[in-house]
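Welcome! Here is a short tour of a strand pairing, the sheet around it, and a ligand site.

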Amino acid sequence: KQFLGHEMLRQVVGQMLGRPACGCWTSAPLARFLGTSPRQIPADANFYSSSFSGTDQPRVLITGGLGQLGVGLANFLRKRFGKDNVILSDIRKPPDHIFHGGPFIYSDILDYKNLREIVVNNRITWLFHYSALLSAIGEANVSLARAVNITGLHNVLDVAAEHNLRLFVPSTIGAFGPTSPRNPTPDICIQRPRTIYGVSKVHAELMGEYYHYRYGLDFRCLRYPGIISADSQPGGGTTDYAVQIFHDAVKNGKFECNLKSSTRLPMMYIDDCLRATLEVMEAPAESLSMRTYNVNAMSFTPEDLAQELLKHIPEFQITYNVDSVRQAIADSWPMNFDDSNARKDWGWKHDFDLPELVTTMLNFHGSDTRVAQAN
Ligand SMILES: NC(=O)c1ccc[n+]([C@@H]2O[C@H](COP(=O)([O-])OP(=O)(O)OC[C@H]3O[C@@H](n4cnc5c(N)ncnc54)[C@H](O)[C@@H]3O)[C@@H](O)[C@H]2O)c1
Ligand SMILES: C[C@@H](O)[C@H](N)C(=O)O
């Protein structure tokens, strides 16, 4: 309802001022015209305070920040830009340690006005748009995935264009489909994904690039592989098994995998993912020959991962109970990613291959388990 109101307002104002109804405003007068909420500071005050703050640090907002990747990104960026310059947001209630770890704010990306208010009131200059429904959960709830992943993206694009933000939107290996080359998958090739998640990510890539060329939006996008993290849970994706396996291996010495043993997918350790994200955001604009890049690290099957785990946990056992929905998705995705453009343009280089990944994950879970046992 609120979004429809916002849409109508954009169309009316667009007609009044002879601008496109898409809502991609870049002019100060229009921003001022729209900044009528009593809770908003005026656009001019925003201009003065950010221009004369004496600091070049970005002011960062992360949407969907309580998922698998957002808290890690906030911690990473806070080390670089200062705790108070990085605001986490989500529609969920944060646990105590996250709430007290730095600024947190409620933000539903489907509420355009609220999003704009946050950007204006906090003088945001960089936005990392992490809200999404991932591949498997998206198939279970297509209409919500369509709203969050597509309508939400439209709101974020408009706010970013209106307020001249640098915008990062993650895409995924899931933006490719069964007709894409799979081994390896280059940046530019056929993209015909068969999930709502993949379709929404291709849409995000194309809309971001369109806003860049049409309105000058500083849009930057990486296609992440499946991301593996130790201290956060995955949110309903096809690559989730590669996170869960570590928890179960350390806790129970066994794991039931929902993909076939031979399913090869590109994967990346979270530290590499977060570093790639910051590096592409900091890359000089002139070094970017594209606005959407593949980034790669390693590629393995459940069997490869189990073999590596066996080197550390000799009693480890893996069994297979295939989930047909996830398996069909995985079978349509890249097996290997070609990220030569990222390596050439802005110097991307991963640190973690499979052996380092397994050692690092087991070290984390091992110490975690020991702490739990001691308590
Ligand atoms: N984790 C991966 O392996 C991976 C790989 C490729 C790309 N990505 C992308 O990275 C981003 C972050 O991934 P993640 O794994 O942290 O996802 P996640 O599913 O763990 O978290 C997504 C967050 O979005 C929030 N959200 C849902 N609806 C919202 C709304 N209306 N308004 C605001 N927030 C809302 C959820 O509460 C959740 O905390 C996503 O865009 C995802 O597509 C992730
Ligand atoms: C690959 C990625 O986009 C996510 N982990 C998923 O499986 O849906």
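Let us begin with a strand pair: β9, which spans residues 265-269, runs antiparallel to β11, and three bridges join them. Within this pairing, Leu265 has Phe300 of β11 as its bridge partner. Please keep in mind that this is a predicted model.

The two strands belong to an open sheet of three, ordered β7-β9-β11, with mixed pairing. At its edges lie β7 (226-228) and β11 (298-300), each of which pairs on one side only. On average, and ignoring direction, neighbouring strands in this sheet are turned by 45° against each other.

Now for the ligand site. Which residues surround ligand 2? The shell consists of Leu134, Ser135, Thr172, Ile173, Tyr197, Gly237, Thr238, Thr239 and Trp333. By residue class, this shell around ligand 2 holds four nonpolar and five polar residues, and no charged ones.

Three threonines of the shell place a polar atom at the following distances from ligand 2:

| Residue | Protein atom | Ligand 2 atom | Distance |
|---|---|---|---|
| Thr172 | polar side-chain atom | oxygen | 2.7 Å |
| Thr238 | backbone N or O atom | oxygen | 2.6 Å |
| Thr239 | polar side-chain atom | nitrogen | 2.8 Å |

How much of the accessible area of ligand 2 does the protein cover? On its own, ligand 2 has 260 Å² of accessible area, and the protein covers 93% of it. If you are looking at the contacts in the viewer, note that Thr238 reaches an oxygen atom of ligand 2 through its backbone, whereas Thr172 does so with a side-chain atom. Thr239, also with a side-chain atom, faces a nitrogen atom of the ligand.

Key
Residues are numbered from 1 along each chain as its sequence is written. Chains are lettered from A and ligands numbered from 1 in the order in which they are written. This is a predicted model: local features need pLDDT of at least 70, side-chain atom pairs count only at pLDDT 80 or more; totals for chains, interfaces and linings use all residues. Side-chain values use heavy atoms; hydrogens and water are left out. A residue is near a molecule or strand if one of its heavy atoms lies within 4 Å of it. A polar contact is a pair of N or O atoms within 3.5 Å; within protein, one must be able to donate a hydrogen and the other to accept it, and residues adjacent in sequence count only if both atoms are side-chain atoms. Accessible areas come from the Shrake-Rupley method with a 1.4 Å probe; for residues, only the protein chains shown count as cover. Ala, Val, Leu, Ile, Met, Phe, Trp, Tyr, Cys and Pro count as nonpolar, Asp, Glu, Lys and Arg as charged, and the others, Gly among them, as polar. Two strands pair if DSSP finds at least two bridges between them. Helices (H or I, at least four residues) and strands (E, at least two) are DSSP runs, numbered from the N terminus. Axes are lines fitted to C-alpha atoms, for helices over the stretch in contact, and angles run from 0 to 180 degrees between N-to-C directions.
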